[in-house]
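Trainee: I'm new to this one and don't want to skim it. Could you pick a single part, go over it closely, and then lead me on to what else is worth a look?

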Amino acid sequence: KKEEADSVTKHMNATEDPIAKAALKKQVSSLEEDIKNYQKQVVKDHPGTFVGSIVKMSIAPEQTEVYGPDGKLDSAATYYNYRKHYWDNTDLKDVRILRTPVFQNKFDEYIGKVIPQIPDTINKWADDLIHRMDDNGDLFKFAVNGITYKYETSDIMGMDAVFVHMAQTYYCPQDGSKSRVTWMPEDKMTQLCERASKMAPLIIGSKGKDIILPDTTETNWVDYYKLPQKYILLVFWDPHCGHCKKAL
């Protein structure tokens with residue numbers, strides 16, 4: 001059906017006649033419906049099979065659009081509904097799905113695009129996803145490893161908060177419970193936990209230690225937290241550094 005759909009789509013994009021375009025668009029929708037029905041039939045006819053699981057993952061969630069009382073699309077509610085049903089067609093306890101790019105593509109899309117890229121939001125929904133997986137199995141390992149590494153190596157400022165959360169939730173829990181990561185060598189685990197511990201007080205939003213230093217008179221001591229200004233800029237530099245003096 002793909003070749004047929006591609007051909008119809010090509011003609012639809014090429015024509016400027018609104019009547020012809022509408023007819024072609026309807027034809028594309030009909031082809032998509034045929035494909036979806038075929039997929040559903042495969043899943044129905046082959047329950048529990050690996051191919052049935054793969055095909056089911058390929059099926060998008062059912063209609064997720066939400067409309068307000070005025071008949072207009074509620075984009076926020078539609079997004080929340082889409083996110084809620086994103087994994088409906090995926091068995092998150094079936095370890096076989098790790099062997100297919102269908103799952104890995106869905107996983108990457110969910111973590112990197114469906115979830116807003118804000119650390120506390122990522123943390124919440126990463127935990128929710130991991131909680132639905134096989135406890136300490138291969139899917140759990142894949143998700144914990146993947147999310148931790150993704151944000152440990154991120155070039156985006158602030159994403160280290162996700163790395164710290166993952167480390168202190170699964171690798172070296174702060175509540176004193178036993179580590180849920182059993183596959184990492186002890187020396188690597190020690191390094192990761194030490195790094196997370198050092199980074200934890202430095203992530204954006206965390207409160208730094210109070211700083212009390214003399215002003216330029218060297219007689220008046222100033223308490224950092226008692227300064228009246230709304231915003232404070234701290235510049236750390238070496239007064240004996242010629243480049244520092246020039247830059248400042």
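Mentor: Let's take the disulfide first, then the pockets, and then a few buried spots. Before that, some housekeeping: this is a predicted model, where local features need pLDDT of at least 70 and side-chain atom pairs count only at pLDDT 80 or more, while totals for chains, interfaces and linings use all residues. Residues are numbered from 1 along each chain as its sequence is written, and side-chain values use heavy atoms, with hydrogens and water left out.

Counting pairs of cysteine sulfur atoms within 2.5 Å, you get 1 disulfide. Its partners are C172 and C193, with the two sulfurs 2.4 Å apart. The torsion about the S-S bond of C172 and C193 is about -110 degrees, so this disulfide is left-handed. Distant parts of the chain are linked by the pair: C172 sits in the loop between α8 (160–171) and α9 (186–199), C193 belongs to helix α9, and 21 residues separate them. (Helices are DSSP runs of H or I with at least four residues, strands are E runs of at least two, and numbering goes from the N terminus.) Both C172 and C193 are buried, meaning under 20% relative accessible area with a 1.4 Å probe, protein chains only.

Now for the pockets. A pocket is an open set of points on a 1 Å grid over the protein atoms alone where a 1.4 Å probe fits, with protein on both sides within 12 Å along at least five of seven lines; lining residues have an atom within 4 Å of a point. The largest pocket has a volume of about 570 Å³, taking volume as the space filled by probe spheres set on the points, which are joined across faces, edges and corners. Its lining is made of 16 residues, and I211, L213, P214, L234 and V235 lie nearest the centre of the largest pocket. Strands β1 (212–214) and β2 (221–223) are the elements that give two or more residues to that lining. The second largest pocket comes to about 290 Å³. Among the residues lining the second largest pocket are P201, L202, S206, K209, Y224 and Y225. Look out for I211 and L234: they line the second largest pocket too, having already turned up nearest the centre of the largest one.

Next, move back along the chain to helix α3, residues 50–58, where you'll find S53. The buried residues of α3 are G52, S53, V55 and M57, and what covers them includes α2 (18–45) and α5. S53 has 12% relative accessibility, so it counts as buried. Leaving out residues up to four places away in sequence, S53 touches D94, R96 and I97, where contact means heavy atoms within 4.5 Å.

T100 sits in the loop between α4 (75–84) and α5 (101–114). T100 is at 6% relative accessibility, so it counts as buried. Beyond its neighbours within four places in sequence, T100 is in contact with I54 and M57; M57, remember, is on the list of buried α3 residues.

One last stop is G137, in the loop between α6 (119–131) and α7 (138–152). G137 has a relative accessible area of 17%, so it is buried as well. From G137 to V95 you count 42 residues in sequence, yet the C-alpha to C-alpha distance is 7.9 Å.

Conventions
Buried means under 20% relative accessible area, exposed over 50%, partly exposed in between (1.4 Å probe, protein chains only).
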